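This report introduces a single structure to a reader who has not met it before. It takes up the strands, a helix and the aromatic rings in turn.

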Amino acid sequence: MTNIHSQKRIQRVRRHARVRAVVTGTSDRPRLSVFRSSSHIYAQLIDDATGHTLATASSRDIKSKGLKRELSTQVGTAIAEKGKGKGVTTVVFDRGGNRYQGRVKALAEAARAAGLEF
């Protein structure tokens, strides 16, 4: 018998597999991949055609303290700035199987506000 946490993880992995079957990044429009752990959030700009990561940002890199949602907003802004520095303006959003709410939504909205289009 499985507990509720492992069942939720299995459901998230299945959702992510469905999303990844459709969403792929190219050099013109890389994939903005989001990974959310219990304490941190990570974002990457990935070119799936070549298999290269163009830029990364995480809440571990941010020196300020605050609520997880506030840190997610700062990560969204940071990944957008790094992407614009590499010449990336449009991306495909990969929410990593997580529901589009809370920290994932805060990161996405901050990236949009900072200039990324998706």
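In this predicted model, β2 and β3 form a hairpin, and four residues lie between the two strands. Gly51, in the turn, has a positive phi of about 80°. Strand β2 covers residues 41-47, and its pairing with β3 is antiparallel, over six bridges. Within this pairing, Asp47 stands opposite His52 of β3, and Leu45 faces Ala55 of β3.

**The sheet**

On its other side, β2 pairs with β1, again in the antiparallel sense and over six bridges. Here Arg36 stands opposite Ile41 of β2. The connection from β1 to β2 is a hairpin of four residues.

How are the four strands ordered in the open sheet? The order is β3-β2-β1-β4, and the pairing is mixed. Because β3 (52-58) and β4 (92-94) each have a single partner strand, they stand at the edges, and one side of each is left without a neighbour in the sheet. Neighbouring strands are turned by 20° against each other on average, direction ignored.

Strand β2 is largely enclosed by the rest of the structure, because five of its seven residues are buried.

**Helix α2**

Helix α2, residues 68-85, packs on the sheet and touches β1 (31-36), β2 and β3. The direction of α2 makes about 145° with that of β3.

Why does the length of α2 agree with expectation? At 1.5 Å a residue, the 18 residues of α2 should span 26 Å, and the end C-alpha atoms are 26 Å apart, so the two values agree.

The buried residues of α2 are Leu71, Ser72, Val75, Gly76, Ile79, Ala80 and Gly83. An α-helix has 3.6 residues a turn, so residues three or four places apart point the same way. The cover over the buried residues of α2 includes the strands β1, β2 and β3, together with α3 (102-113). After α2 comes Gly87, whose phi is positive, near 90°.

**Aromatic rings**

A pair of aromatic rings is described by the distance of the centres and the angle of the planes. With ring centres required to lie within 6.5 Å, the count comes to three aromatic pairs. Two of these pairs are set out below.

| Pair | Centre to centre | Angle between planes | Arrangement |
|---|---|---|---|
| Phe35 and Tyr42 | 6.0 Å | 35° | tilted |
| Phe93 and Tyr100 | 6.2 Å | 85° | edge-to-face |

The pair of Phe35 and Tyr42 counts as tilted because its planes are at 35°, and a tilted pair has planes that are neither under 30 degrees nor over 60 degrees apart. Phe35 has a relative accessibility of 41% and therefore counts as partly exposed. Tyr42 is also partly exposed, with a relative accessible area of 25%.

Is Phe93, in the edge-to-face pair, buried or exposed? Phe93 has a relative accessible area of 17% and is therefore buried, since buried means under 20%. Its partner Tyr100 has a relative accessibility of 36%, so Tyr100 counts as partly exposed. Phe93 and Tyr100 also belong to a cluster with Phe118, linked by ring pairs.

Note on methods: Residues numbered from 1 in each chain as written. Predicted model: local features only at pLDDT ≥ 70, side-chain atom pairs only at ≥ 80, totals over all residues. Heavy atoms only, no water. Pairing = 2+ DSSP bridges. Axes fitted to C-alpha atoms, helices over the stretch in contact; angles between N-to-C directions. Contact = heavy atoms within 4.5 Å. Buried < 20%, exposed > 50% of the residue type's maximum accessible area, 1.4 Å probe, protein only. Expected span 1.5 Å × (residues − 1).
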